Amino acid sequence: MKFLAFPLVFAFLFATSTSAHEVRPAVGDLTLEGGRVVLSLDFTAEPIVAGVDLEGISDTNESAGSSDVDALRRLSPEDMEAKIAAHMPEFLKEMSFSADGAPVALEVTELRVGPVGNPDLPRDTRLVLAAGLPEGARSVEMTWPAAYGTLILRQQGVEEPYTGYLEGGAGTGPIAVAGGDAMTGWQTFATYIPVGFEHIVPLGLDHILFVLGLFFFSLHLKPLLWQVTAFTAAHTVTLALGALHIVQIPPAIVEPIIAASIVFVAVENIVAKGFSPFRPAVVFVFGLLHGLGFAGVLEEFGFPEGRFLPALLGFNVGVEFGQLFVIAVAFLLVGHWLGAKSWYRARIAVPASVVIAAVGAYWFLERTVL
């Protein structure tokens, strides 16, 4: 019975994240024209005001300031705006901005906090900063603090605009005011691979549980290969269709069905007597919905102008790497050592599937009626 503890503890780690305090990247639009710089930021302000270091974490529950974040999310928009305004000098001090190497003092021209919602979910804040540029300025440069998480920065209003994915205290390097700093196709492809990977590991808990559901069905290569191939083919199609706005289904419909797909594959793991030819077909159908979920995430990041296909391909490759990473870790932890045991299914696969189904059921209820 000692091996029974592993799958239960393993799945419990995911169960404790069912009310995930997700950390989302900030998105910034940078406009440089008429001798002025305007930086419009859409971000989650509560963790920053609470002093939570967002570097390397995917959930504010991982920090000591989680309760402070929840308290701030319960504040009215007006009260939260006052909190942000009081924190603004420190915010601007941490985020450096310069033109041709000379510091530029950004000032707040707009601050708007979204309405109070579920404190377990991020709340959007819009912050617009602006300043005059030195006469004849040819380039600007900014640094996004590591403690603020990740920033997707997009230059607007020029040809061949700059697009950057800033994390870990990274700087933009010089951005030409006149444009021309767009990434090449290969650079875009390489940049979006980690974006896709991070959406699976560590951000995609629901997708991780679905992939684990496929893994625990059977350790034999053929069933696993059929399932993963069906899932990959399906979500690749709808990722592209969703990103192109050809197929669009509201998240309020997609997210509960994704949770239901977790329940279905986990329950089938428990009751199925063997590999059915219908299993890949069912996985394919659910993969179509997961692809729309991926498309929604990619839409938040946006696409560099003229680089839609490299960004889409890079994101999808990152997603595949993330899925393979989950399967590889699961195999190394349990499959390689315990898969050949006669009691593997009874003591490992079935208990793990029970807990995965329970987590999926909770998510379904949370996304529909709770």
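Okay, let's start at Phe364, which sits in helix H11, residues 344-368. Before I go on, please keep in mind that this is a predicted model. So, is Phe364 buried or exposed? Phe364 comes out as partly exposed, with a relative accessible area of 33%. Phe364 also has company on the outside: together with Leu365 and Val369 it forms a nonpolar patch on the surface, and the three share about 270 Å² of accessible area.

Now let me step back to the whole chain. We have 370 residues, and buried ones make up 50% of them. The chain holds eleven helices and ten strands. The protein chain exposes about 17,000 Å², and 64% of that is supplied by carbon and sulfur atoms. Here's a number I like: take the contacts between residues at least 6 apart in sequence, and 75% of them join residues at least 24 apart.

On to the inside. In soluble globular proteins, nonpolar side chains tend to be buried together. In our model, the largest nonpolar core has 48 residues, and the ones with the most contacts inside it are Phe210, Leu212, Phe216 and Phe315. Which helices feed this core with at least two residues each? They are helix H5 (185-200), helix H6 (205-217), H7, helix H8 (251-271), helix H9 (278-301), helix H10 (308-338) and H11. There's also a second, separate core of 38 residues, and that one includes Leu30, Met80, Leu153 and Val177.

Let me zoom in on a residue from one of those helices. Thr238 is in helix H7, residues 221-243. Thr238 has a relative accessible area of 8%, so it counts as buried. What does the side chain of Thr238 reach? It gets to the backbone oxygen of Leu288, at 2.8 Å. If you skip residues up to four places away in sequence, Thr238 touches Gly287, Leu288, Gly291, Leu292 and Ala295.

For a look at a strand, try Val140, which you'll find in strand S7, residues 139-142. Val140 has just 1% relative accessibility, so it is buried. Its C-alpha atom and that of Ser98 are separated by 5.6 Å, while the two residues are 42 apart along the chain. Leaving out neighbours within four places in sequence, the contacts of Val140 include Leu30, Leu32, Phe97, Ser98 and Ala99. Leu133, Gly173, Pro174, Ile175 and Val177 are also among the residues in contact with Val140.

Next up, charges. Side chains of opposite charge can pair when their charged atoms come close. How many salt bridges does the structure hold? There are seven. One of them pairs Asp29 with Arg154, with the closest N and O atoms 2.9 Å apart. That pair links distant parts of the chain, since Asp29 is in strand S1 (residues 26-33) and Arg154 is in strand S8 (residues 151-156), 125 residues apart.

Then there's Asp42 with Arg126, whose side chains meet in a salt bridge at 2.7 Å, N to O. This one also links distant parts of the chain: Asp42 is in strand S2 (residues 36-43), Arg126 is in strand S6 (residues 125-132), and they are 84 residues apart. Asp42 is partly exposed at 29% relative accessibility, and Arg126 is partly exposed too, at 25%.

A third pair is Glu110 and Arg112, where the closest N and O atoms are 2.2 Å apart. Glu110 is partly exposed at 29% relative accessibility, and Arg112 is partly exposed at 44%. Salt bridges that share partners also join Asp206, Glu255 and Arg367 into one network.

Last stop: the backbone. Most residues other than glycine have a negative phi, and most peptide bonds are trans. Which way does the phi of Asp100 go, positive or negative? Asp100 has a positive phi of about 50°, although it is not a glycine. You'll find Asp100 in the loop between strand S3 (97-99) and strand S4 (102-103), and at 46% relative accessibility Asp100 is partly exposed. Glu160 is another non-glycine with a positive phi of about 50°. Glu160 lies in the loop between S8 and strand S9 (163-166), and Glu160 is partly exposed, with a relative accessible area of 40%.

That's my tour, thanks for listening!

Notes:
Residues are numbered from 1 along each chain as its sequence is written. This is a predicted model: local features need pLDDT of at least 70, side-chain atom pairs count only at pLDDT 80 or more; totals for chains, interfaces and linings use all residues. Side-chain values use heavy atoms; hydrogens and water are left out. Helices (H or I, at least four residues) and strands (E, at least two) are DSSP runs, numbered from the N terminus. Buried means under 20% relative accessible area, exposed over 50%, partly exposed in between (1.4 Å probe, protein chains only). A polar contact is a pair of N or O atoms within 3.5 Å; within protein, one must be able to donate a hydrogen and the other to accept it, and residues adjacent in sequence count only if both atoms are side-chain atoms. Contact means heavy atoms within 4.5 Å. Patches are made of residues with over 30% relative accessible area and no salt bridge: like charges are joined within 9 Å, nonpolar side chains (Val, Leu, Ile, Met, Phe, Trp, Tyr) within 5 Å. Accessible areas come from the Shrake-Rupley method with a 1.4 Å probe; for residues, only the protein chains shown count as cover. A salt bridge is a side-chain nitrogen of Lys or Arg within 4 Å of a carboxyl oxygen of Asp or Glu. A nonpolar core is a set of buried Ala, Val, Leu, Ile, Met, Phe, Trp, Tyr and Cys residues joined through side-chain atoms within 4.5 Å.
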